[in-house]
Amino acid sequence: MDFAIALLAVVLDLAVADPGFLYHPVRALGALMDKEEALARRMGGLSLKWWGILFVLLNALGAWLVVRLLTSIPMLGWLFALYFAY
């Protein structure tokens with residue numbers, strides 16, 4: 001099933017490219033990171049390097065949890081897996 005989803009995601013990407021009307025997960029993470037950087041600059045305390053390390057770890061854990069939860073939904077999990085692979 002994983003190979004089929006990956007193959008379908010590649011075919012979908014070649015056929016449709018990146019439609020502007022869909023909010024891509026990478027764009028969502030980028031917007032989140034912009035807000036985190038602004039927060040880190042306001043908060044101070046730690047250096048930006050340590051804030052960056054903290055936010056990377058939190059974002060990676062959060063993204064993993066979201067993908068894990070959504071792809072485990074019966075009957076719909078494969079659709080979320082296709083969306084995240086696309």
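## Aromatic pairs and one unusual loop residue

Trp51 is buried, and Phe55 is buried too. Keep in mind as you look around that this is a predicted model.

Let's stay with those two residues. Both Trp51 and Phe55 belong to helix H3, which covers residues 48-71. They sit four residues apart, and that works out to about one turn of the helix. Their rings form a stacked aromatic pair, with 5.6 Å centre to centre and 25° between the planes. Why does this pair get called stacked? Because its 25° angle falls in the class of planes under 30 degrees apart.

A second pair is made by Tyr83 and Phe84, and this one is tilted. How many aromatic pairs are there by this rule? The count comes to two. Here they are:

| Pair | Centre to centre | Between the planes | Type |
|---|---|---|---|
| Trp51 and Phe55 | 5.6 Å | 25° | stacked |
| Tyr83 and Phe84 | 5.7 Å | 55° | tilted |

Now, are Tyr83 and Phe84 buried or exposed? Neither, really: Tyr83 has 29% relative accessibility, so it counts as partly exposed. Phe84 comes in at 28%, so Phe84 counts as partly exposed as well. The label "buried" would need a value under 20%.

Finally, take a look at Met75. Where is Met75 found? It's in the loop between H3 and helix H4, the helix of residues 77-85. Its phi is near 70°, a positive value in a residue that isn't glycine. With a relative accessible area of 75%, Met75 is exposed, because that label goes to values over 50%.

Note on methods: Residues are numbered from 1 along each chain as its sequence is written. This is a predicted model: local features need pLDDT of at least 70, side-chain atom pairs count only at pLDDT 80 or more; totals for chains, interfaces and linings use all residues. Side-chain values use heavy atoms; hydrogens and water are left out. Rings of Phe, Tyr and Trp (its six-membered ring) pair if their centres lie within 6.5 Å; planes under 30 degrees apart count as stacked, over 60 as edge-to-face and the rest as tilted. Helices (H or I, at least four residues) and strands (E, at least two) are DSSP runs, numbered from the N terminus. Buried means under 20% relative accessible area, exposed over 50%, partly exposed in between (1.4 Å probe, protein chains only).
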